[in-house]
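Trainee: Could you take one small part of this model and look at it closely, then follow it outward into the rest of the fold? I would like the cut-offs stated as you go.

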Amino acid sequence: HRCTRVRLNSGGTTAITQAFREAFLCKVTQLGSQGLRVLALAQGEAPDTTQTALDIRNAMHYEAIEQQLTFVGLVGMRDPPRPEVRNAISDCQRAGIRVLVITGDSKETAEAMCHEIGVLDEMDSAQRVAYKAPHTTNGQVDTLGGRSLTGAMWASMSDDEQAEAVRHLKVLSRVEPSHKLSVVRYLRKQGEVVAMTGDGVNDAPALKQADIGIAMGSGTAVAREASDMVLVDDNFHTIVSAVRQGRAIFANTKQFIRYLISSNIGEVACIFFSAMVGTPEALIPAQLLWVNFVTDGLPATALSFNVPDSDVMRRKPRSRREGIVDTWMAFRYAIVGLYVGLAVVLGFVWWYLYFEGGPKITFKQLVSFESCTEEAAKAAGYTCNIFKRGPDGLMQAPSTVALSILVTIEMFNALNSLSENESLLTVPPWSNPWLLAAIALSFVLHFAILYVPWLASIFSVAPLSFDEWLAVVWFSAFVIVIDEFVKFFSRRLLARGLLEGGRRKQYGARSISRSPFGPGGFLTPQDDELVNFKHV
């Protein structure tokens with residue numbers, strides 16, 4: 001509107017007509033729809049400072065100076081997205097993360113770029129149904145079912161309409177800083193988790209308002225100060241990778257806790273079952289301390305190196321109210337832990353009742369160990385020393401079987417902890433070589449206390465025969481079968497949406513990000529992971 005003339009190809013100029021203005025705007029729309037940023041070039045005469053008070057060095061005088069200009073032409077510039085961005089957007093969509101782009105670029109440019117990177121792919125059935133924005137502002141009509149709006153269209157809506165529009169919005173173009181802040185507030189009011197990225201001073205309020213503010217490394221100091229983290233390489237794919245790694249870390253933390261809790265439940269259950277049945281104590285305190293402080297620690301630490309599950313980026317985000325240990329997980333802890341305790345006691349009892357090298361006494365004789373007399377024991381073909389520890393006792397052998405079952409079963413339980421729900425056939429043991437090394441070292445330490453005499457005397461254990469080791473492995477390996485069954489059942493429940501992880505709505509929490517092609521923008525994941533979108 002500040003141009004009154006246009007420069008012709010011949011070099012001359014002529015007055016601008018309404019027909020030219022319409023042709024000019026049509027060309028701008030055409031270039032914008034190709035994903036180009038469009039600049040209009042014009043020229044004018046600098047004011048004579050001796051004849052006027054206007055100063056070209058004063059920004060307050062620009063509007064008065066930029067009058068009666070001669071239109072020169074249009075320039076279309078392309079800032080292409082990085083090659084990895086489309087795949088990163090697809091990963092977000094599969095992970096339940098909705099990308100919401102807010103930009104100062106034109107509606108046509110924004111939509112073209114968002115189609116290219118996959119933000120505005122084909123609408124799904126849920127998006128087709130509901131929201132149809134009825135607003136037409138400055139000749140701009142919403143043609144994407146409420147998924148793409150301009151700042152003017154947004155500002156013309158009522159509060160209720162904006163709250164509804166943000167549920168379906170994917171692109172908001174030609175925005176003002178206040179629009180970014182209002183979008184963040186609406187999303188948070190709806191219970192979403194919001195992450196925003198930005199690099200400018202005007203992004204600071206929205207960065208501060210978001211659950212997670214992500215500043216660009218190349219941005220202003222104000223934006224970096226207002227944000228929670230700084231993205232050094234300005235790359236959207238880096239945030240998606242961080243989401244993947246964050247989910248893997250959370251899963252590994254759960255597996256670490258699961259391994260230790262289920263193992264500790266097993267140790268407590270062993271003592272409980274022994275007392276309940278009335279057998280001698282299968283394990284002494286020194287042996288339990290050895291298992292807790294030496295044997296358990298190495299595999300538990302190695303679980304932090306578990307590789308991410310194959311479906312880690314196909315899961316919907318967790319609810320912010322979901323804890324690390326939920327009811328189902330606690331039930332799983334109990335199932336495995338109770339079997340650990342039961343297997344230890346069964347192995348202990350097996351040595352007395354059925355082992356060929358053992359006394360082969362009856363169960364009644366075993367639970368009556370406190371009233372054992374040598375005269376009655378000799379009449380039955382055994383000695384009371386089988387219930388005693390120490391130099392004259394023979395109880396080291398069954399206690400060693402129980403201890404070896406506990407150690408072996410916990411090593412198998414560590415293999416079960418490679419994945420929360422994936423089978424060992426899907427995530428094989430060699431996927432985490434650190435865990436295999438930890439298990440090997442734990443067995444070396446266990447063999448040391450069994451076969452080094454002075455260590456064996458400290459822990460009241462004895463070397464085991466081949467048949468005893470076969471029994472140890474047999475009692476221990478069944479924990480894998482139990483956990484595989486529980487994992488299968490978990491996968492079925494998740495597929496049917498009956499567990500917490502399967503109940504997340506399609507777009508729960510939102511993260512907002514900067515535009516991939518200009519200043520301003522947002523991005524939206526669901527409940528727990530949030531991402532950025534500047535300079536994709």
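Mentor: Ser460 has a relative accessibility of 12%, so it counts as buried, a word that here means under 20% relative accessible area, with exposed meaning over 50% and partly exposed in between, for a 1.4 Å probe and protein chains only. Everything here is computed from a predicted model, in which local features need a pLDDT of at least 70, side-chain atom pairs count only at pLDDT 80 or more, and totals for chains, interfaces and linings use all residues. Residues are numbered from 1 along each chain as its sequence is written, and side-chain values rest on heavy atoms, with hydrogens and water left out.

Ser460 sits in the loop that links helix H19 (453-459) to helix H20 (466-495); helices (H or I, at least four residues) and strands (E, at least two) are DSSP runs numbered from the N terminus. Although it is not a glycine, Ser460 has a positive phi of about 55 degrees. Most residues other than glycine have a negative phi. Arg174 offers a second case, with a positive phi near 50 degrees, in the loop between strand E9 (171-173) and helix H8 (177-189). Its surroundings differ in exposure, because Arg174 has a relative accessible area of 49% and is partly exposed, whereas Ser460 is buried at 12%.

The two helices on either side of Ser460 lead to the interior. H19 and H20 each supply at least two residues to the largest nonpolar core, as do H11, H12, helix H13 (297-302), helix H14 (327-353), helix H17 (396-416) and helix H18 (433-451). A nonpolar core is a set of buried Ala, Val, Leu, Ile, Met, Phe, Trp, Tyr and Cys residues joined through side-chain atoms within 4.5 Å. This one holds 67 residues, and the members that touch the most others are Leu283, Val344, Tyr352, Ile361 and Leu435. The greatest contribution comes from H14, with 13 residues. Leaving out neighbours within four places in sequence, Val344 is in contact (heavy atoms within 4.5 Å) with Cys270, Ala282, Leu283, Ala402, Ile405 and Leu406. A second core, separate from the first, has 24 residues, including Leu100, Leu169, Val183 and Ala206.

Another buried loop residue can be set beside Ser460. Thr279 lies in the loop between helix H11 (236-277) and helix H12 (285-295) and counts as buried because its relative accessibility is 7%. Beyond residues up to four places away in sequence, Thr279 touches Ser274, Phe348, Val349, Leu366, Val367 and Phe369.

The cysteines deserve a short remark. Cys270, one of the contacts of Val344, is buried at 3% relative accessibility, and Cys114 is buried at 0%. With a disulfide taken as a pair of cysteine sulfur atoms within 2.5 Å, the count is zero.

Away from that loop there are also sheets. One is open and mixed, with four strands in the order E2-E1-E4-E3, where two strands pair if DSSP finds at least two bridges between them. Strand E2 (13-15) and strand E3 (37-43) each have a single partner, so one side of each is left without a neighbour in the sheet. From one strand to the next the twist averages 45 degrees, with axes fitted to C-alpha atoms (for helices over the stretch in contact) and angles running from 0 to 180 degrees between N-to-C directions. Helix H1 (residues 18-32) packs on this sheet, touching E1, E3 and strand E4 (69-77), and its direction makes about 20 degrees with that of E4. Strand E1 (residues 3-7) is antiparallel to E2 over three bridges and parallel to E4 over three bridges, with Cys3 bridged to Leu69 in E4. E3 and E4 are antiparallel over seven bridges, among them the one from Ala40 to Leu74 in E4.

A further open sheet has three strands in the order E10-E11-E12, with parallel pairing. Strand E11 (residues 212-216) joins E12 over three bridges in the parallel sense, and Ile214 stands opposite Met229 in E12.

For the whole protein, there are 20 helices and 13 strands, and 50% of the 536 residues count as buried. Among contacts between residues at least 6 apart in sequence, 68% join residues at least 24 apart.
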